[in-house]
Amino acid sequence: MYKNKFRVTSARLPCWDYGSNGLYYVTICTKDRMHYWGDIVAEPDGLASLNRSAIGEIAHNNWLDIPNHFSFIELDDFVIMPNHIHGILYINKPDKISWEFNKFGKQSQNLASDIRGFKASVKTYATTNGVEFDWQPRYHDHVIRTEKEYLNICRYIANNPGEWLLNGDNVDNLYKT
């Protein structure tokens with residue numbers, strides 16, 4: 001930062017330890033909201049789901065693989081959409097006793113390192129295999145602090161594909177009046 005200019009303000013809670021035990025709701029988007037991961041389709045049972053593309057399948061599998069790389073992460077509800085992912089991650093460190101406020105700079109063993117690892121794994125696959133793909137910089141997170149928040153977020157995640165068909169930024173809805 002130069003004379004308090006040219007630095008994007010962090011969207012993270014300034015007094016929160018993002019390596020501490022807790023539930024974290026994250027949203028990660030593709031660059032320019034490109035629909036890399038497939039299309040939402042209506043199912044015969046009235047629900048909707050993502051018909052995944054090849055890179056969508058990689059994103060899905062790599063999301064499921066997160067706990068194999070970050071043993072302190074447990075996956076909760078998540079959904080992969082054509083151009084973004086919503087997910088709840090549980091950081092579970094039973095032996096953690098210290099508290100470290102969120103800080104700018106090197107991150108490890110926390111939410112930021114997990115998201116960075118996930119994004120890098122998908123991008124590396126795409127680059128290695130000549131698949132067009134890129135991420136939006138950064139991501140959105142929300143620290144879940146109450147059961148009511150948790151239940152509302154779970155409902156939002158579950159309903160996201162159906163809402164996409166009704167109101168989403170899919171091609172069929174771009175020109176509705």
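Which residues is L111 in contact with, leaving aside its neighbours within four places in sequence? The partners are Y18, Y24, V26, L89, I91, Y139 and D141. This is a predicted model, and L111 is a good place to start reading it.

**The chain as a whole**

The chain has 177 residues, and buried residues make up 40% of them. It holds 5 helices and 6 strands. From the N terminus on, the order of elements is β-β-β-α-α-β-β-α-β-α-α. Take the contacts with a separation of 6 or more: 67% of them join residues 24 or more positions apart.

**The core**

In soluble globular proteins, nonpolar side chains tend to be buried together. Here the largest nonpolar core has 40 residues. The members that touch the most other members are W37, I55, W63, L111, F118, F133 and W135. Several elements give two or more residues to this core: β1 (22-29), β3 (48-52), α1 (54-64), β4 (73-80), β5 (84-91), α3 (111-128), β6 (140-144) and α4 (147-167). The largest share, 6 residues, comes from α3.

**Helix α3**

What does α3 bury? Its buried residues are L111, A112, S113, D114, I115, F118, K119, V122 and A126. They pack against β1, α1, α2 (66-69), β4, β5 and β6. The N-terminal end of α3 is capped by N110. A side-chain oxygen of N110 lies 3.2 Å from the backbone nitrogen of A112. After the helix comes G130, with a positive phi near 65°.

The length of α3 can be checked. At 1.5 Å a residue, its 18 residues should span 26 Å. The end C-alpha atoms are 26 Å apart, so the two values agree.

**Helix α1 meets α3**

N62 is found in helix α1. Not counting residues up to four places away in sequence, N62 touches F118, S121 and V122. Its side chain also makes a polar contact with the side chain of S121, at 3.0 Å.

**The β2-β3 hairpin and S53**

Strand β2 (residues 38-42) runs antiparallel to β3, and 5 bridges join them. One pairing is V41 with S49 in β3. The two strands form a hairpin with 5 residues between them. In the turn, G46 has a positive phi of about 90°.

S53 lies in the loop between β3 and α1. Is S53 buried, partly exposed or exposed? Its relative accessible area is 24%, and buried means under 20%, exposed over 50%, so S53 counts as partly exposed. Leaving aside its neighbours within four places in sequence, S53 is in contact with Y36, W37 and G38. S53 and W37 are 16 residues apart along the chain, yet their C-alpha atoms are separated by 5.2 Å. The side chain of S53 reaches the backbone oxygen of Y36 at 2.6 Å.

**Helix α4**

Where does α4 bend? The bend is at N160, by about 55°, and a proline, P161, follows within four residues. Both N160 and P161 are among the buried residues of α4. The others are I153, C154, I157 and W164.

**Side-chain polar pairs at a glance**

| From | To | Distance |
|---|---|---|
| N110 side-chain oxygen | A112 backbone nitrogen | 3.2 Å |
| N62 side chain | S121 side chain | 3.0 Å |
| S53 side chain | Y36 backbone oxygen | 2.6 Å |

Technical notes:
Residues numbered from 1 in each chain as written. Predicted model: local features only at pLDDT ≥ 70, side-chain atom pairs only at ≥ 80, totals over all residues. Heavy atoms only, no water. Core = buried A, V, L, I, M, F, W, Y, C linked by side-chain atoms within 4.5 Å. Buried < 20%, exposed > 50% of the residue type's maximum accessible area, 1.4 Å probe, protein only. Contact = heavy atoms within 4.5 Å. Bend = angle between axes of the 7 residues up to and from the residue. Pairing = 2+ DSSP bridges. Expected span 1.5 Å × (residues − 1). Polar contact = N/O pair within 3.5 Å; in protein donor to acceptor, adjacent residues only side chain to side chain.
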